[in-house]
Structure formats: C-alpha cells, structure tokens
Amino acid sequence: MTEKLFYEDSHKKVFTANVQMCRPKGEYYEVVLDRTAFFPEGGGQYADTGWLEDIRVTDVRERDGIIYHVMEAPLEEGLQVTGKIDWDMRFLKMQQHTGEHIVSGLVHAGFGYNNVGFHLGSEDCTMDFDGEITKEQLREIEWQANEAAVKNLEVQVSWPSKEELASLEYRSKIEIEGAVRIVTIPGYDVCACCAPHVKRTGEIGLIKLTNVQRYKGGVRVTMLCGFRALADYAGKEQHVKNISALLSAKEDKISQAAEHLKDECGRLKAKLLEEQKKLLEYRACGISGEETFVCLFEEGLEGDGPRILMNLVLARGAECCAVFLKTEDGAYRYVIGSTNMDTRPLAKGLNEAFGGRGGGKPEMVQGSLKGKEEEVRAWIEEKARITKE
C-alpha cells in the first residue's frame, strides 16, 4: 500500500520517497514509491502531474491501494528521490473541486437534487443534477456560494467509524467500500470524497457559474473557480473592449449597439436581395427562350439566388435549367429544375460522376459537387443531347 501524503497535507508540494518498483509500460514507465503526494485520478478529479527528480510524471493511477506514477524515463529501484507536483495545476483543481462541493451542497439543501455527475476538465468544471434549475435560481446559488468563500471556512476532513457513518447525513456520488473519507464545509456541505481540497474556502476565490442547460432529465451546470474564473473574466473583458471599439459604443451599451447593427444589416440584406432579383431577371432575359436545356455557371449569388434564377429561366420557356454556383473552396452548389421531367436521375448521375451529394423532388434537386466547369458543362450537355434524342 502506498502512503498517501496528499491526505496528510493537501498543500504538500515537495516530498522524498523510495522507489519500490520501476517497470516499462509501452512507451512509458510505471514507478511505485513507498509514499507520494501525487493524487491519482478519482472522485471526478483528474490526476496530478509533476516530476520525480528531473523526470516528468505525466499521469498517476491507483490499483488495489498501490499508486503508479507514469513517467517518461525509468528510475533505479531502491533509490531515494525527490518528488515535486505541478502545484499551480493542483491548486487550480482543488479550487474547482471545493467550489463544486459548496455548489452541490447548496443545490441539495435548497432543492433536494443530487449531484449525479461531476467532471473536472482541463478548461472548466461541470456538475449534473437530477432536477431543473432556472438561470435566475442559478444566480442565487452563485451568490450564496461566493458568500461561503468569503467566510473563509475551514474545510474539514474526517474518517468516521462505521457506527458514526450510519448516523451521519452526507452526500455520496457512488457506493464506497471500506473506509469512507468525509469532507465537510460547515453549514454548506457534508460529502464522501477521496480528492484533496483547499484548507479554507477563502482559497477558492471567485465562484462563477457560467451556464446551465437541460441534460438527461435534469441540468448540467458549468462552473469556473479562482484563477480560472479570473482568466475567463479577463478574456471576456478584452472581447468587450474590442467590440466596444469596433461599434464605437460604451462598454455598457454594446448590446444595444449590436442590436442596432443587426437590424441595419437585415434591412441592407433585404435591399440587396431585391436588387439581386432585378439583376437575375435581366440575366434571364438574355437567355434565348428557344433553348430547352439551359446550363449556367454563376458566382456571387446570395441566398436563394440560384433557385430564383432557375425559376426565371424556366418561366421563359426552358424545359430544364441547371444553375451551378461556385463556392469559396472551389466546389459548386447546384440547383436543377424542370417543368416536364424528373430531375432526380440527373442529380444522381452528377453526384456519381463528380463526387457530389444531394437530391430532392422530381421537379427540383439541389446539391454540391467538385469538378472543373468545362467537365461539368460537357457532362450536362451530353445528357441534354441524349434527352433530346
């Protein structure tokens, strides 16, 4: 059994230990020490990283009470080594995890919901609850959670006996065998947990609940704590300043300015489409009404422009019209319509010949393909000739 120093002191950054075993494991090595401050993955919290001597520890795993350090190079068995955990990352994870306990405790006390899922990721932390929480309720929970942080409460850790545990009210994410470690934040939460935590709630810093969404009959809440919340605020603050400068609006007025810009863009887009329709009518008038099968290659059409042009050509007497619109990546969007033939076989043939996809109804098909204009045009003209015959 590996002695777990992270339970004795969650703030231990450096320690010494003896190498009990070292063995190759694929491209890496697994090292077992007699004791360690490296926390293996568990309780929703991913493993610590750091160094043993000058060798990088990339992962830590626990099996049957033994902790294995995944390393980039071997260590000599029997050697005494110095271990150093990546403290900045460990502390950041503890900030998130203790913040999660406070939020989950508040949700459980206020709504009776259980935390049925917790993931402490590399960018944020998510909590899944088995009941509905509105955005307004989330803001109240966030405020209460920050009050808990400001109180700088001691985060208490205990190992109750079976008798004590039987009469103890506590949250537990999973069924636990053997000794149960209880983490208590007075007045806010009592929960079984195997992970290291901050010593006092003040170390968490800011607790920010950034999102809530429906998930598996309940909700998923996204949270940032401490330095993560500060970094998120700094990033969003810079975005606000940039948008403020672009819109020539005060920072507290950018929403109204963006709404005004959206309305103006909508009006301009509608006007542009009207002008495009006039140009398409002029374009269609230039096509001989005697052509029965028309093939057009266009650029710069917006929205339903290709379909509008196709219908205008059909209205002038053509039996079938194919419009190909060149896209930014050099491919083509197409729309094919007819007044008296099934266009689906034509689309199927096009897709097979030019690696395209799409389909539709007998009177009109739409899709996309890749190919050179001259090759696509030649293919269409050949099909038109066969159809005429």
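Which residue follows helix 2, and what is the sign of its phi? Helix 2 is followed by Gly-112, whose phi is positive, near 80 degrees.

This is a predicted model, in which local features need pLDDT of at least 70 and side-chain atom pairs count only at pLDDT 80 or more, while totals for chains, interfaces and linings use all residues. Residues are numbered from 1 along each chain as its sequence is written, and side-chain values use heavy atoms, with hydrogens and water left out.

The chain holds 9 helices and 20 strands, where helices (H or I, at least four residues) and strands (E, at least two) are DSSP runs numbered from the N terminus. Its radius of gyration, taken over C-alpha atoms, is 33 Å, well over the 21 Å that the globule rule gives for 389 residues, so the chain is more spread out than a compact globule; that rule is 2.2 Å times the number of residues to the power 0.38. Along the principal axes, the C-alpha atoms fill a box of roughly 95 × 55 × 45 Å.

Helix 2 has 25 residues and reaches 36 Å from its first C-alpha to its last, close to the expected 36 Å, a span defined as 1.5 Å times one less than the number of residues. Of its 25 residues, 19 are buried, meaning under 20% relative accessible area with a 1.4 Å probe and protein chains only, whereas exposed means over 50% and partly exposed lies in between.

The largest nonpolar core (buried Ala, Val, Leu, Ile, Met, Phe, Trp, Tyr and Cys residues joined through side-chain atoms within 4.5 Å) has 56 residues, and Leu-52, Ile-102, Val-103 and Ile-207 have the most contacts inside it. Helix 2, residues 87-111, gives the most to this core, with 7 residues. Leaving aside neighbours within four places in sequence, Ile-102 is in contact (heavy atoms within 4.5 Å) with residues including Ala-145, Ile-185, Tyr-188 and Ile-207.

Ile-185 also has Asp-189 in strand 13 as its bridge partner. Strands 12 (residues 182-185) and 13 (residues 189-192) pair in the antiparallel sense over 4 bridges, pairing being assigned if DSSP finds at least two bridges. The two strands form a hairpin with 3 residues between them, and Gly-187 in the turn has a positive phi of about 85 degrees.

With a disulfide taken as a pair of cysteine sulfur atoms within 2.5 Å, the count comes to 0. For Cys-285, the nearest cysteine sulfur, that of Cys-321, is 14 Å away. Two cysteines are set out below.

| Cysteine | Relative accessibility | Class |
|---|---|---|
| Cys-22 | 17% | buried |
| Cys-285 | 53% | exposed |
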